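Thanks for making the time this morning. I would like to walk through one model with you, and I will begin with a pair of helices before I come to the sheets, the interface and the confidence.

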Amino acid sequence: MSDLRQAPGRDGGPAPDLVEVRGLVKTFPQRNAWGRTTGTTRAVDGVDLSIRRGETLAVVGESGSGKSTLGRCILQMDEPTSGTVTYEGVDLTALPRARRAPYHRSMQVIFQDPFSSLNPHRTALQNVMEPLAVLAPDSDPRARAIEALAAVGIDGDAVNRRPRAFSGGQRQRIVIARAIAVRPGFVVCDEPLSALDMSIQAQVTDLLLRLQRELALTYLFISHDLSVVREIAIRTAVMNRGRIVELGPTAQVFAAPQHPYTRHLLDAALSTDPVQARRRLQRISTRPEPVGLEPDGTALAEVAPGHFVLR
Amino acid sequence: MTPAEDVLLSVDGLDVDLPGRTGGRVKVLEDVTFEVPRGRVVGIVGESGSGKTMLLRALMGILPDGAERDWRRVLLRGEDVTRTLARRRLPAAMVFQDPMTSFNPLVRIGGHLAEVAQRFQKVGRRQAQGLAREALIAVRIPDPDRVLSRYPHELSGGMRQRAMIAMALLAQPELLLADEPTTALDATIQAQILALLRTLQAERSLTVLIVTHDLGVVAAVCDDVMVMKDGRIVESGEVERVFAEPQHPYTRELLDAAPPAPAELAAPASAEEKGAGA
């Protein structure tokens with residue numbers, strides 16, 4: 001276990017890891033109909049992860065795999081049950097709440113649903129100004145909000161419209177503007193494209209990549225959509241039942257998946273070639289559920305440089 | 001064209017308009033004409049706002065308040081039913097996108113299914129429960145008795161969608177309408193549900209109309225496809241033909257926007273062999 005803890009970070013090169021997650025566990029109580037605790041669910045079950053400065057690290061997995069909970073724990077939106085989260089060398093989990101404010105500024109989040117994550121009663125500009133007023137009150141919030149909105153392609157009179165006047169793609173742009181306005185170093189993108197149409201997805205992907213280059217952002221990209229991940233992530237971590245089962249350079253994970261669960265996921269993606277898609281569907285429908293809980297005592301092992309598999 | 005007796009439903013000149021927000025009317029479907037051949041799986045694709053869901057709702061007669069539906073002619077099995085449609089519904093049942101919001105959260109799955117069985121098959125309560133259990137077996141739910149006594153929130157997304165399909169089958173439809181049936185599901189579960197739809201279609205010689213935004217879904221399960229844009233059908237035909245040689249620029253645009261599936265790089269067979277060897 002101990003060699004593994006350093007392994008992912010060791011080859012991080014000259015730039016140190018921006019975010020370090022060590023032994024992260026998050027459990028939720030299971031309650032019965034009367035509210036009595038009947039047990040616990042381990043949503044995140046001992047995750048070690050290093051996120052390098054300037055990279056896009058994707059976390060993929062099915063619903064219930066714990067990928068969103070991992071993102072929320074890193075952001076300290078959910079208090080981890082045990083384990084540590086370090087940002088630029090500072091252990092956030094040990095920090096008293098009152099001293100976390102500067103880290104809330106450097107760590108931002110983009111949620112899936114642009115319809116519910118914007119305040120419908122306030123204009124685009126007011127929505128973007130709100131976190132600025134709280135987290136960076138010394139600056140000129142209005143000017144910075146306008147600048148951020150312009151960076152995502154919303155300018156002129158449009159900034160004074162309310163969210164309902166915008167399409168889904170434009171709303172997601174406003175959400176992105178709100179996240180980057182406070183000049184964060186690290187952004188958790190939790191399924192940022194899932195609610196959008198294909199052609200809009202491509203535009204928003206391009207926008208995220210451009211902003212990453214211009215603002216030197218580091219992304220944790222949480223998604224169940226493998227085709228998007230393949231396009232934008234430098235490294236990919238595959239999660240199943242709260243554990244990372246495979247982690248490596250995206251191209252390698254996709255071309256030579258090592259863990260059965262990764263293969264299972266890759267196999268389920270349908271292609272737009274009718275012949276191939278039908279063959280796959282045929283195979284999947286006759287196949288038994290292959291993947292259950294990982295046996296105890298397994299650990300991530302390095303199978304190729306930077307490519308780890310749980311076994 | 002398909003011979004008349006092989007066409008289950010043929011719709012000519014369907015218009016639907018909704019009241020606009022600032023007065024006036026908004027046309028959401030304009031002169032939509034199509035045929036649904038019997039025993040085929042037909043996909044309707046388009047982006048949000050293209051009117052594909054409204055098309056299904058118009059067929060089911062469940063348009064939103066204030067909407068107006070108008071058509072020149074509707075043929076069911078070659079018989080003109082344009083006049084009688086206001087009173088008699090099409091022999092169709094619908095599967096909705098989100099099985100969480102389309103069940104009553106306070107009623108057990110068994111209650112939902114028995115109600116449909118009682119209403120559509122005119123049977124008593126005891127018999128309806130038997131039919132409900134059979135329907136769950138038909139959609140390959142492993143322990144039907146347990147699922148019957150569960151509330152909707154206690155089931156996983158895939159199970160809920162299976163129960164939803166079972167409920168639709170109890171209405172004994174000839175035409176099964178599915179509105180984004182797998183959009184809310186994970187890729188692995190999606191594949192299972194699609195395979196189930198295909199199997200049921202073959203077992204019960206159903207005709208299926210699937211609305212989706214995902215070209216992969218169309219490629220996997222549909223025989224024919226209709227591409228919609230701004231309330232009109234811009235292209236239709238057999239899936240192989242349309243995907244291989246799209247005629248309309250919009251179809252080409254959609255196909256180009258679809259990301260290449262991981263298929264091409266991870267040939268699963270070889271990966272499995274490698275995994276076994278490692």
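How do helices α5 and α6 of chain A lie with respect to each other? In this predicted model, helix α5 of chain A, residues 141-151, packs against helix α6 of chain A, residues 168-181, at an angle of about 130°, and their axes are 8 Å apart. An angle of 130° falls short of the cut-off for roughly antiparallel, which is over 145, and it is outside the 65 to 115 range for roughly perpendicular, so α5(A) and α6(A) are oblique to each other. The crossing in which α5(A) passes α6(A) is right-handed. On the α5(A) side the contact is made by A:Arg144, A:Ala145, A:Ala148, A:Leu149 and A:Ala151, and on the α6(A) side by A:Ala177, A:Ile180 and A:Ala181. Sorted by character, the residues of this contact are 7 nonpolar and 1 charged, with no polar residue.

Let me turn to the sheet in chain A. Here 8 strands form an open sheet with mixed pairing, and the order across it is β6-β7-β8-β3-β9-β10-β12-β11. The edges are β6(A), residues 107-110, and β11(A), residues 300-304, each of which pairs on one side only, and from one strand to the next the twist averages 20°. Within this order, strand β7 of chain A, residues 186-190, runs parallel to strand β8 of chain A, residues 218-223, and 5 bridges join the two; if you want one position to look at, A:Val187 has A:Tyr219 of β8(A) as its bridge partner.

Two helices can be placed relative to these strands. Helix α2 of chain A, residues 67-74, lies across β3, β7, β8 and β9 of chain A, and it runs at about 150° to β8(A). Helix α10(A) also packs on the sheet, where it touches β3, β9 and β10 of chain A, and its direction makes about 100° with that of β9(A).

The same α10(A), residues 260-268, is among the elements that give two or more residues to the side of chain A that touches chain B, together with α7, α8, α9 and α11 of chain A. In total, 36 residues of chain A are in contact with 37 residues of chain B, and those on the chain A side divide into 18 nonpolar, 10 polar and 8 charged.

In chain B, I would like to follow strand β1, residues 7-19, through its partners. Strand β1(B) runs antiparallel to strand β2(B), residues 25-37, with 9 bridges joining them, and B:Leu14 stands opposite B:Val32 in β2(B). The hairpin of these two strands has 5 residues between them, and there B:Gly23 takes a positive phi near 80°. Strand β1(B) also pairs in the antiparallel sense with β5(B), residues 73-76, over 4 bridges, B:Asp12 having B:Arg73 as its bridge partner, and with β4(B), residues 68-70, over 3 bridges, where B:Asp15 is matched with B:Asp70.

Finally, a word on confidence. Chain A averages a pLDDT of 86, and 93% of its residues score at least 70. In chain A, confidence is highest in β3(A), at 95, and lowest in helix α1(A), residues 2-10, at a mean of 40. Over residues 1-14 of chain A the pLDDT is below 50, although this stretch has 19 contacts in the model beyond near neighbours in sequence. Where pLDDT is low, the predicted coordinates should not be read in detail.

How values were computed: Residues numbered from 1 in each chain as written. Chains lettered and ligands numbered in written order. Predicted model: local features only at pLDDT ≥ 70, side-chain atom pairs only at ≥ 80, totals over all residues. Contact = placed C-beta atoms within 7 Å. Nonpolar A, V, L, I, M, F, W, Y, C, P; charged D, E, K, R; others polar. Pairing = 2+ DSSP bridges. Axes fitted to C-alpha atoms, helices over the stretch in contact; angles between N-to-C directions. Parallel < 35°, antiparallel > 145°, perpendicular 65-115°, else oblique. Left-handed = near helix turned anticlockwise from the far one by under 90°. pLDDT = per-residue confidence, 0-100.
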